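Here are my notes on the model, point by point. Have it open as you read, and start with the helices.

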Amino acid sequence: MIVLIFAAILYVIAAIMIAMAARRDRALVGEGLRDAWDQLVMIMPALTVGILGAGFVAALLPPELAETYLGDGAGVSGYAIAYVIGVLTPGGPVVGFALGAAAIKAGASVPIVVVYVTAWALVNLNRVLIWERATLSSKVMIERLIVSAPVPVLVGLFAWTVMELLSWW
């Protein structure tokens, strides 16, 4: 249900932006729609592969493996495994979030998946080597990594604490 509400909000925002463009200059509407189409055509292959890949990960990942290494009883090793996988997972949000959802479906615990997604978002090797190394100075890149490195585990521990508090209710 939340997905439908969020989608509806985005559609309303898009409609408002189309109306604003039309009010300024009707040609902007066509230009904006062409740009949107071009972006859709560029992202659709990656989106499709990411969704298919995540679906197959969910289908092929043995639940006993997910539960053993990423489940509630995995402990510190589960956090470490999720951290390393997050650092090594290539791709954008379609891949990262889809794999996290697939892991939960297969039996991984929410706090451990939070570690994975946060490590993927903050200290991802692919992002560091391709984007940051090319655009940031070495000093800034290293400082950012040092500051960001402990965050996935801290956020995972916070998620675990929240889950424990919610289980009391």
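1. A word on terms before the packing: contact here means heavy atoms within 4.5 Å, and a residue is called buried under 20% relative accessible area. Keep in mind that this is a predicted model. With that settled, take helix α5: its buried residues pack against α2 (26-60), α3 and α6. The buried set in α5 is made up of G96, A98, G100, A102, A103 and A106.

2. The geometry of α5 looks fine to me. Helix α5 covers residues 93-106, 14 residues in total, and its first and last C-alpha atoms are 19 Å apart, close to the 20 Å expected at 1.5 Å a residue. Right after α5 comes G107, with a positive phi near 125 degrees.

3. While you're at G107, look across to D72. The C-alpha atoms of these two are separated by 8.7 Å, although they sit 35 residues apart along the chain. D72 belongs to the loop between α3 (63-70) and α4. Is D72 buried or exposed? D72 is exposed, because its relative accessible area is 74% and the exposed class begins over 50%.

4. Next, helix α9 (residues 151-167). At 1.5 Å a residue, its 17 residues should span 24 Å, and the end C-alpha atoms are indeed 24 Å apart, so the two agree. The buried residues of α9 are P152, G156 and A159. Seen down the helix axis, the buried residues of α9 fall within an arc of 60 degrees, so they line one face. That buried set packs against α4 (75-88), α6 (110-122) and α8 (138-148). What does the face of α9 turned away from the buried side carry? Two exposed residues are found there, L154 and F158.

5. On to charge pairs. Side chains of opposite charge can pair when their charged atoms come close. How many salt bridges does the structure hold? There are two. One joins the side chains of R144 and E132, at 2.8 Å from N to O. R144 lies in helix α8 and E132 in helix α7, so this pair ties together parts that are twelve residues apart in sequence.

6. The two partners in that bridge differ in exposure class: E132 is buried, with a relative accessible area of 9%, while R144 is partly exposed at 24%. The helix that holds E132, α7, runs over residues 125-135. Besides R144, E132 is in contact with R127 and M141, leaving aside neighbours within four places in sequence. I'd zoom in on E132 here.

7. In the other salt bridge, the side chains of K139 and E143 meet at 2.9 Å, N to O. K139 and E143 are four residues apart in helix α8, so about one helical turn separates them. K139 is exposed, with 59% relative accessible area, and E143 counts as partly exposed at 39%.

8. N124 deserves a look too. This residue lies in the loop between α6 and α7. Loop or not, N124 is buried, with a relative accessible area of 2%. Which residues does N124 touch, not counting those up to four places away in sequence? They are G86, V87, T89 and A119. N124 and P90, 34 residues apart in sequence, are 7.6 Å apart in space from C-alpha to C-alpha.

9. Back in helix α8, there is S148. S148 is buried, at 8% relative accessible area. Setting aside residues up to four places away in sequence, S148 touches L122 and V123. Against that, the C-alpha atoms of S148 and Q39 are separated by 31 Å, with their positions 109 residues apart along the chain.

10. Last, the surface at the start of the chain. M1, I2, V3, L4, I5, F6, I9, L10, I13 and M17 form a nonpolar patch with about 1,100 Å² of accessible area together. M17, one of these residues, is placed in helix α1 (residues 2-24). M17 is exposed, with a relative accessible area of 53%.

How values were computed
Residues numbered from 1 in each chain as written. Predicted model: local features only at pLDDT ≥ 70, side-chain atom pairs only at ≥ 80, totals over all residues. Heavy atoms only, no water. Patch = residues over 30% accessible without salt bridge, like charges linked within 9 Å, V, L, I, M, F, W, Y side chains within 5 Å. Areas by Shrake-Rupley, 256 points an atom, 1.4 Å probe, with all protein chains shown as cover. Salt bridge = Lys/Arg side-chain N within 4 Å of Asp/Glu carboxyl O. Buried < 20%, exposed > 50% of the residue type's maximum accessible area, 1.4 Å probe, protein only. Expected span 1.5 Å × (residues − 1). Arc of directions from axis to C-beta.
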